[in-house]
Structures are given as C-alpha cells and as structure tokens.
Amino acid sequence: MPDNNARGSGKRAKDATPPRTGADEKATLRGFLDYLRNAIAYKVAGVPEPHVRTGGVPSGTNLLGLLRHLAFVERFYFLGEDVGDWPATMRPSPKDTVDGVLADYRKTVERANQVIDACPDLALPAPRPTRPGPAPSMRWVLVHMIEETGRHAGHADILREQIDGSTGR
C-alpha cells in the first residue's frame, strides 16, 4: 500500500493501478470490486480518533461511518441480511473502533466473496432478505456494489485528504 504523505509536502502517494483480472465476467467484476474494497479500507486504516469519526462535511459523513455502512451493504446484498435503519449504518457508535470496523468489513467481504465464487451463473438471483418482487441477479448486485463502493471510496479520498493530506490509492 502507498505511504501516507504529510500535509503540504507536495508529495503524492503512488496510485495503485486498476486490477488485471481474469478473462471471464465474474473475475473481472469481482476484481474491480475487490480493488475498490481495498481502497476504502486503506483510507480508513491508521486514522486516529477522533478524526476517523469526525464529519468532514456538513452532512457529518466520516471515514468510520462509510466503512461501517459498506459492511452493512455487503451483508444485505451478498448475505441476505436485512437492515432496519439504513441511515444508522453511517453512524458509528462510541464502541466502534477503527480496528473493529476494519475487521468486520474484511470478514464480511470474505464471506461475500465466498457467495460470489459459489454462484455458477451471474444471471441467477443473489441472496436477499424477504422483500416483495424478484431478487436482483448476481450480475446486477456486483455492478451495483462496484458503483456503491466506488462512490464511497471517493468520499473517503476527500475525507482522508482533509484529515492528514494523504492522497493516492
């Protein structure tokens, strides 16, 4: 992973290049999703309290909340776990720590990847909690998760740069 740079140093961490994935569709989609998952985890790792949970924008969005939220999204779409209060997923509790949220996220990603790997056809429905209507396909879920994770990784880039000047992926 790239080194953090000091604020105002004018140095920029070397960006990680997009992944070279396998030849099939599932490997390509999962490769890009894993790339984004690693990017956001990297942006949260090592950020001290209270900065990791301090909102960097008027909405209160913070690094720890972004990662916590993405763990809930992964569990919802890949593991079929219901979420009762989506806005609450963005608010870390006082008990949440960087190490704890990172460990939960990584464990959730590992479980999600097992579900993805076991799916023989991306046109099949992904697991989901009981809801009206048909479940989306695994293909749709993978594309949506690339979008969701990429959007929040971009938010994390900005928040991390505000905290300590760190840039790069």
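What follows is a walk through a predicted model of one protein, from its confidence values to its helices, cores and aromatic pairs.

To begin with confidence, the mean pLDDT of the protein is 90, and 91% of its residues come in at 70 or more. The start of the chain is another matter: over residues 1–11 the pLDDT stays under 50, although the model still has 26 contacts for this stretch beyond four places in sequence. Where pLDDT is low, the predicted coordinates should not be read in detail. Further along, but still in the segment before α1, comes arginine 20. With a relative accessibility of 83%, arginine 20 counts as exposed. Arginine 20 and proline 125 are 105 residues apart in sequence, and their C-alpha atoms are 27 Å apart in space.

Helix α1 takes up residues 25–44, 20 residues in total. From first C-alpha to last, α1 reaches 29 Å, which is close to the 28 Å expected at 1.5 Å a residue. Of its 20 residues, 14 are buried, so α1 is largely enclosed by the rest of the structure. The backbone does a couple of things worth a look once the helix is over. Just after α1, glycine 46 takes a positive phi of about 80°. Then glutamate 49 and proline 50 are joined by a cis peptide bond, with omega at about -5°. Proline 50 has its place in the loop between α1 and α2, the latter being residues 63–79.

Next, the packing inside. The largest nonpolar core has 19 residues, and those with the most contacts inside it are Ile40, Val44, Val52, Leu63, Leu67 and Tyr105. Helices α1, α2, α3 and α4 are the elements that give two or more residues to this core. The largest share, six residues, comes from α2. Leucine 67 gives a feel for how this looks up close: leaving aside neighbours within four places in sequence, leucine 67 is in contact with Ile40, Ala41, Val44, Val101, Leu102 and Tyr105. There is also a second, separate core of 17 residues, including Tyr77, Phe78, Leu122 and Met138.

Leucine 122 is a handy way into that second core. Its place is in the loop between α3 and α4, and at 7% relative accessibility leucine 122 counts as buried. Leucine 122 and methionine 138 are 16 residues apart in sequence, yet 4.9 Å apart in space from C-alpha to C-alpha. Not counting residues up to four places away in sequence, leucine 122 touches Glu25, Lys26, Leu29, Ser137, Met138, Arg139 and Leu142.

The aromatic rings come next, with a count of three aromatic pairs. In one of them, the ring centres of phenylalanine 76 and tryptophan 86 lie 5.4 Å apart and the planes meet at 80°, which is over 60 degrees, so this pair is edge-to-face. Phenylalanine 76 belongs to helix α2 and tryptophan 86 to the loop between α2 and α3 (98–118), so the pair links parts of the chain ten residues apart. Phenylalanine 76 is buried, with a relative accessible area of 10%, whereas tryptophan 86 counts as partly exposed at 29%. Another pair, tyrosine 77 with tryptophan 140, is tilted, with 5.9 Å from centre to centre and 55° between the planes. Since tyrosine 77 lies in helix α2 and tryptophan 140 in helix α4 (residues 138–164), this pair ties together parts that are 63 residues apart in sequence. Tyrosine 77 counts as buried, at 17% relative accessibility, while tryptophan 140 is partly exposed, at 43%. Phe76, Tyr77, Trp86 and Trp140 together form one aromatic cluster.

Helix α2 has one last residue to look at, arginine 75. The charged end of arginine 75 sits over the ring of phenylalanine 72, 4.7 Å from the ring's centre. Is this arginine buried or exposed? At 11% relative accessibility, arginine 75 counts as buried, because the cut-off for that label is under 20%. Neighbours within four places in sequence aside, arginine 75 is in contact with Gly80, Glu81, Asp104 and Thr108.

Notes: Residues numbered from 1 in each chain as written. Predicted model: local features only at pLDDT ≥ 70, side-chain atom pairs only at ≥ 80, totals over all residues. Heavy atoms only, no water. Helix = DSSP H or I, 4+ residues; strand = E, 2+ residues; numbered from the N terminus. Expected span 1.5 Å × (residues − 1). Buried < 20%, exposed > 50% of the residue type's maximum accessible area, 1.4 Å probe, protein only. Phe/Tyr/Trp six-rings, centres within 6.5 Å; stacked < 30°, edge-to-face > 60°. Lys NZ or Arg CZ within 6 Å of the ring centre and 35° of its normal. pLDDT = per-residue confidence, 0-100. Contact = heavy atoms within 4.5 Å. Core = buried A, V, L, I, M, F, W, Y, C linked by side-chain atoms within 4.5 Å.
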